[in-house]
Amino acid sequence: MNLLRSLLIGTILAATAMPAIAADTALRIMSFNIRLPAESDGVDYWETRKPLAVRMLREQLPDVIGMQELVKTQAEYLAQALPQYAWFGRGREADGSGERMGVFYRKDRLTVIESGDFWLSDTPEVPGSITWHHLYPRMVTWALFERRSDGKRFYLFNTHLPYREQDEAARVKGVEAIAQRLATLPADVPVVLTGDFNTTPDSDVHAVLARTLQDAWASAPRADGSDATFHGFTGQADKRIDWIFVRGVQLDSITSVTTRWSGRYPSDHFPLVVTLRLP
């Protein structure tokens, strides 16, 4: 009887441990245009939204967050409210000020092996450089991450392309520059690209990336929520301009986070969360 009881207890313990093991092998990566503080947003100004952003991030608990439009005061607030995360990312201007392609990551799950920035211009190593006729500097912040549990590594690249209709040529040049960088990386290390690309999937911008990367929304076995992401604080999104592209991973699912509280949203974009597994 004691042997039977021991076997039963062992079986139960093994069964209850399996979900935890499975969860640990999955990575949750978010792309989130957080919307910079702009008083013109009125009731949706950052001071009103910031507790909603924290609540959403606590609920989603992504391992990595590629943010766009992040400014230093927002990053500092989030870092204080979410102590399980560390973050990095310099401002896009020459002096390091301005919007950031900030990256937050869970310190208990991941380690940064190396990281850096480059600008989407003909002089990518020159901070703040602009050469393709768009209004503001555009850049990429990237990192090589290592998972603490098993030493597996992956690259994250995070960007935000120019927004005007006449900036399409600059957007194409920007993703061509990103694609060239990705081509120099070790082929056996997975890559995740997050960003607000300010154009739709029928564009040349998307086509350039799709040559060598998978669009997670189109490729994941399960996609939940709104495929469109920009909603201007209305909740009625009409453009799929936020994308997550991947290479060398197994996709489980992708979700757009459409949660709101008392009619208010954390941002004017729905965040995307992809769940994936490293080889």
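How many residues does helix H4 have, and how far does the helix reach from its first C-alpha to its last? In this predicted model, helix H4 (residues 168–183) has 16 residues and reaches 23 Å between those two atoms, close to the 22 Å expected at 1.5 Å a residue. The briefing below covers an open sheet of seven strands, the helices that accompany it, the aromatic pairs, of which the structure holds 13, and two residues with positive phi.

**Sheet architecture**

- The open sheet follows the strand order E3-E4-E2-E1-E13-E12-E10, and its pairing is mixed.
- Strand E3 (85–88) and strand E10 (223–224) are the edge strands, each of which pairs on one side only.
- Strands E2 (residues 64–68) and E4 (residues 103–106) run antiparallel and are joined by three bridges. Across this pairing, Ile65 stands opposite Phe104 in E4.

**Helices H2 and H3**

- Helix H2 (residues 46–60) packs on the sheet, where it touches strands E1 (26–33), E2, E3 and E13 (272–277). The direction of H2 makes about 160° with that of E1.
- Helix H3 (residues 72–81) lies across E2, E3 and E4 and runs at about 10° to E4.

**Helix H4 and its surroundings**

- The buried residues of H4 are Ala170, Arg171, Val172, Gly174, Val175, Ala177, Ile178 and Leu182.
- An α-helix has 3.6 residues a turn, so residues three or four places apart point the same way.
- The buried residues of H4 pack against five elements of strand type and one helix, namely strands E5 (110–119), E6 (139–147), E7 (153–160), E8 (191–196) and E11 (242–247), together with helix H5 (204–210).

**Aromatic pairs**

- A pair of aromatic rings is described by the distance of the centres and the angle of the planes.
- Trp46 and Tyr77 form an edge-to-face pair, with 6.1 Å centre to centre and 90° between the planes. Trp46 lies in helix H2 and Tyr77 in helix H3, so the pair ties together parts that are 31 residues apart in sequence.
- Within this pair, Trp46 counts as buried because its relative accessibility is 3%, whereas Tyr77, at 24%, counts as partly exposed.
- Phe88 and Phe145 form a tilted pair, with 6.4 Å centre to centre and 40° between the planes. This pair links distant parts of the chain, with Phe88 in strand E3 and Phe145 in strand E6, 57 residues apart.
- Both Phe88 and Phe145 are buried. Ring pairs also link these two residues with Tyr105 and Phe154 into a cluster.

**Charges over rings**

- Lys50 lies over the face of Tyr77, at 4.6 Å from the ring centre.
- The charged end of Arg181 sits over the ring of Phe118, at 4.1 Å from its centre.

**Residues with positive phi**

- Glu69, a residue other than glycine, has a positive phi near 65°. Glu69 is found in the loop between E2 and H3, and it is buried because its relative accessible area is 11%, under the 20% limit.
- Ser262, likewise a residue other than glycine, has a positive phi near 50°. Ser262 lies in the loop between strand E12 (250–256) and E13.
- Is Ser262 buried or exposed? At 77% relative accessibility, Ser262 counts as exposed, since this value is over the 50% limit.

Terms used: Residues are numbered from 1 along each chain as its sequence is written. This is a predicted model: local features need pLDDT of at least 70, side-chain atom pairs count only at pLDDT 80 or more; totals for chains, interfaces and linings use all residues. Side-chain values use heavy atoms; hydrogens and water are left out. Two strands pair if DSSP finds at least two bridges between them. Helices (H or I, at least four residues) and strands (E, at least two) are DSSP runs, numbered from the N terminus. Contact means heavy atoms within 4.5 Å. Axes are lines fitted to C-alpha atoms, for helices over the stretch in contact, and angles run from 0 to 180 degrees between N-to-C directions. The expected span of a helix is 1.5 Å times one less than its number of residues. Buried means under 20% relative accessible area, exposed over 50%, partly exposed in between (1.4 Å probe, protein chains only). Rings of Phe, Tyr and Trp (its six-membered ring) pair if their centres lie within 6.5 Å; planes under 30 degrees apart count as stacked, over 60 as edge-to-face and the rest as tilted. A charge sits over a ring if NZ of Lys or CZ of Arg is within 6 Å of the ring centre and within 35 degrees of the ring normal.
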